[in-house]
Amino acid sequence: MLENVVKDKYERPILSLRITITNRCNENCIYCHHDGMVSSKNEMTPDELYTISKIAKKIGVRKIRLSGGDPLVRKDIVEIVEKIASLDFKDISLTTNGVLLEKYAQGLKDAGLDRVNVSLDTLNRDTYKFVTNKDYLEKAKAGILKAVEVGLYPVKINMVIMKDINTDEIKDMFYFCKEHGIILQLIELIESENCDDDKFNAEYHYSLDSIENKLADIADNVRERKFMQGRKKYYINDGEIEIVRPVDNSKFCANCSRLRITPDGKIKPCLLRNDNLVELISHVRNGESEEQLEEIFMNGINKREPYNT
Ligand code: SAM
């Protein structure tokens with residue numbers, strides 16, 4: 001039973017909030033959609049992020065995810081997590097490329113972070129350089145292992161699958177994950193505003209259909225995660241693989257329980273749209289009351305509608 005949770009017009013409960021706390025990143029991935037954001041110099045402060053999270057908590061949000069850019073390029077990342085964690089959410093997580101994770105993992109754990117998702121598309125140095133435009137594979141791996149060591153749990157690896165780039169590495173990545181108790185998430189490449197010619201998608205897009213079929217054949221068990229957009233989780237040999245494919249998936253929308261905050265402090269009701277954002281941060285900066293801020297949150301929630309039906 002979901003109690004004290006706000007639902008949108010389509011009866012979808014709002015259970016999680018994804019906050020993009022910066023647009024800055026220390027890598028430059030060839031496919032990056034920058035989470036659909038325009039650049040912002042005026043980042044939200046830890047206190048402002050606390051206020052936003054407090055309102056989210058009041059309307060029933062249970063989970064907070066911090067993203068970027070790369071959230072770890074913010075020097076105040078531990079303070080941000082500490083402030084949000086003081087609100088006692090069920091789950092606080094962070095998505096990072098892992099490059100700075102070795103440095104911050106312990107501090108983040110102590111500050112109240114529950115878990116991390118780390119993007120790692122390959123275990124091959126040249127491929128890593130090609131995809132991210134940086135030579136940071138070893139740093140990213142060290143960050144992942146540190147996260148496991150300090151007890152952030154579960155650690156998940158996000159692997160974006162690209163034709164002729166890393167489709168032959170899924171098995172190796174699975175064994176790397178299994179060895180360290182990490183969950184592997186295979187992500188279908190989605191078209192990016194960053195790559196404005198269609199050639200990019202045509203060249204690298206790889207449907208996860210055939211991979212899912214293979215996983216279904218060999219899995220010991222399969223589970224579907226309702227409030228995670230119907231994602232399927234395959235259990236193989238004591239390892240776990242999850243499939244993430246948001247595009248053209250009406251289940252993704254039907255079960256979407258996530259609201260987003262852009263790095264310039266706007267409520268983003270839908271991942272796939274930028275034309276219905278709701279201004280929030282200026283109201284926080286003007287010192288408006290919690291009731292007024294709650295009303296603004298509700299405006300954002302009222303604008304939610306399924307993109308794919
Ligand atoms: N810098 C952090 C990171 O690397 O995880 C957080 C931001 S990144 C935009 C968040 C996630 O989006 C990563 O797992 C990345 O692989 C994924 N992503 C970015 N562009 C994508 C695309 N075009 N298709 C599929 N996934 C994408």
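These are my notebook entries on a predicted model, covering its sheet, its ligand site and a few single residues.

**Entry 1: the sheet**

I began with the strand order. The sheet is open and has twelve strands, with mixed pairing. I read the order as E7-E8-E9-E6-E5-E4-E3-E2-E1-E10-E11-E12. Next I looked at the edges. Strand E7 (221-225) and strand E12 (278-279) stand there, each with a single partner strand, so one side of each has no neighbour in the sheet.

**Entry 2: around E2**

Which strands pair with E2, and in what sense? I found E1 (residues 16-20) joined to E2 in the parallel sense over five bridges. Across that pairing, Ser-16 stands opposite Lys-63. I then turned to E3 (residues 91-96), which also runs parallel to E2, with four bridges. Here I noted Ile-64 of E2 and its bridge partner Ile-92 in E3.

I also checked how the chain gets from E2 to E3. Together with helix H2 (residues 77-85), E2 and E3 make a β-α-β unit, and it is right-handed.

Is E2 enclosed or open? I counted buried residues along the strand, taking under 20% relative accessible area as the cut-off. Four of the five residues of E2 (residues 63-67) are buried, so the strand is largely enclosed by the rest of the structure.

**Entry 3: E10 and its partners**

I went to the other side of E1. Four bridges join E1 to E10, and the two run parallel. Ser-16 turns up again: its bridge partner in E10 is Arg-258.

Which way do the side chains of E10 (residues 258-261) point? Arg-258 and Arg-260 go one way, Leu-259 and Ile-261 go the other way. I checked burial for these residues, and all are buried, the arginines included.

After E10 the sense changes. E10 and E11 (residues 266-268) run antiparallel, joined by two bridges. Arg-260 has Lys-268 of E11 as its bridge partner. The hairpin of E10 and E11 has four residues between the strands, and in it Gly-265 takes a positive phi near 75 degrees.

**Entry 4: E6 and E9**

I took one more pairing. E6 and E9 are parallel, with four bridges. Gln-185 has Glu-242 of E9 as its bridge partner.

**Entry 5: the ligand site**

I listed the surroundings of the ligand. There are 18 residues, and the closest are Tyr-31, Gly-69, Asp-70, Ser-119 and Ile-190. By class I get six nonpolar, nine polar and three charged residues in the shell. Strands contribute: E3, E5 (155-161) and E6 (183-188) each supply at least two residues of the shell.

Where does the ligand make polar contacts? I noted a ligand nitrogen atom 2.9 Å from a polar backbone atom of Tyr-31. A ligand nitrogen atom is also 2.9 Å from a polar backbone atom of Ile-190. With Asn-158 the contact is to the side chain: an N or O atom there is 3.0 Å from an oxygen atom of the ligand. I then looked up the covered area. The ligand alone exposes 550 Å², and the protein buries 93% of that.

**Entry 6: from H5 to H6**

I followed the chain into E5. Pro-154 lies in the loop between helix H5 (137-150) and E5. The peptide bond between Tyr-153 and Pro-154 is cis, with omega about -5 degrees.

Beyond E5 I stopped at Asp-164, in the loop between E5 and H6. Its phi is positive, about 60 degrees, although Asp-164 is not a glycine. Is Asp-164 buried or exposed? Its relative accessibility is 72%, so Asp-164 counts as exposed.

Met-173, in helix H6 (residues 170-180), has 0% relative accessibility, so Met-173 counts as buried. I also took a distance. Met-173 and Met-159 are 14 residues apart along the chain, and their C-alpha atoms are separated by 8.6 Å.

**Entry 7: two later residues**

Asn-237 lies in the loop between E8 (231-236) and E9 (239-244). Asn-237 is not a glycine either, yet its phi is positive at about 50 degrees. I have Asn-237 as partly exposed, with a relative accessible area of 46%.

Last came Tyr-307, in the segment after helix H11 (290-302). Tyr-307 is partly exposed, with a relative accessible area of 46%. Its C-alpha atom is 9.0 Å from that of Ala-254, 53 residues away along the chain.

How values were computed: Residues are numbered from 1 along each chain as its sequence is written. This is a predicted model: local features need pLDDT of at least 70, side-chain atom pairs count only at pLDDT 80 or more; totals for chains, interfaces and linings use all residues. Side-chain values use heavy atoms; hydrogens and water are left out. Buried means under 20% relative accessible area, exposed over 50%, partly exposed in between (1.4 Å probe, protein chains only). Two strands pair if DSSP finds at least two bridges between them. A crossover is right-handed if, with the strands pointing away from the viewer, the path from the first strand over the helix to the second runs clockwise. A residue is near a molecule or strand if one of its heavy atoms lies within 4 Å of it. A polar contact is a pair of N or O atoms within 3.5 Å; within protein, one must be able to donate a hydrogen and the other to accept it, and residues adjacent in sequence count only if both atoms are side-chain atoms. Accessible areas come from the Shrake-Rupley method with a 1.4 Å probe; for residues, only the protein chains shown count as cover. Ala, Val, Leu, Ile, Met, Phe, Trp, Tyr, Cys and Pro count as nonpolar, Asp, Glu, Lys and Arg as charged, and the others, Gly among them, as polar.
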